Amino acid sequence: MTDPEGFPGAADAPVPRILGNTDSLAASAPGSAGALWRLAEPGRQLDANLIRVPPLGSIDTHAEPDLDVLLLVVTGDGTLGAADGPHPVEPGSLVWLPHGSVRNVIAGESGLTYVTVHRRRPGMQIQGRPRP
């Protein structure tokens, strides 16, 4: 089936959507920190977040044991700490964080805003007690 726009099968397929603009989102709450935006669309296979770290703030050393994460710096600068040493990051830096990698983030003097994207975590499920 072809819809009027010439896209085969498009009548029944999900459509791409513009969700926002990272520059506008980052500028919308200049003094805030943490998650400024989260992907929350139903049926998604990805999780994504826009994270702000305040000037000279940090994200403690941690590892994600199960998921690879892609990180894209939007504004500001800082340092990605890793086992092989510190790595400076700035707007446009695209970083792959393989699952199991140990890292931390330290924002520069103007703070740091970045997008993370990874496979969606399965929702928590309540399981019944095993029967004897």
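The turns below discuss the core, the cavity and the contacts of a predicted model.

User: What makes the 13 residues of the largest nonpolar core a core?

Analyst: A nonpolar core is a set of buried residues of the nonpolar kinds, joined through side-chain atoms within 4.5 Å, and buried means under 20% relative accessible area. The largest such set here has 13 residues, among which Leu 112 and Tyr 114 touch the most other members. Two or more residues come from each of strand E2 (46-53), strand E4 (69-82), strand E6 (94-97) and strand E7 (102-119).

User: Which residues is Tyr 114 in contact with, leaving aside its neighbours within four places in sequence?

Analyst: Contact means heavy atoms within 4.5 Å, and on that basis Tyr 114 is in contact with residues including Asn 49, Ile 59, Val 74 and Val 105.

User: Why is the space lined by Leu 71, Leu 80 and other residues called a cavity?

Analyst: The space is called a cavity because a 1.4 Å probe fits there but cannot get out. The search of the whole structure finds one cavity of 30 Å³ or more, and the largest cavity has a volume of about 40 Å³. E4 and E7 each give two or more residues to its lining, with the largest share, three residues, coming from E7.

User: How do you know what kind of residues make up the lining of the largest cavity?

Analyst: The lining consists of Leu 71, Leu 80, Val 89, Val 95, Val 105, Leu 112 and Tyr 114; Val, Leu and Tyr count as nonpolar, and therefore the lining divides into seven nonpolar, no polar and no charged residues.

Definitions and conventions:
Residues numbered from 1 in each chain as written. Predicted model: local features only at pLDDT ≥ 70, side-chain atom pairs only at ≥ 80, totals over all residues. Heavy atoms only, no water. Buried < 20%, exposed > 50% of the residue type's maximum accessible area, 1.4 Å probe, protein only. Helix = DSSP H or I, 4+ residues; strand = E, 2+ residues; numbered from the N terminus. 1 Å grid on protein atoms, 1.4 Å probe; cavity = no way out; pocket = protein on both sides within 12 Å on 5 of 7 lines; lining within 4 Å. Points joined across faces, edges and corners; volume = space filled by probe spheres on them.
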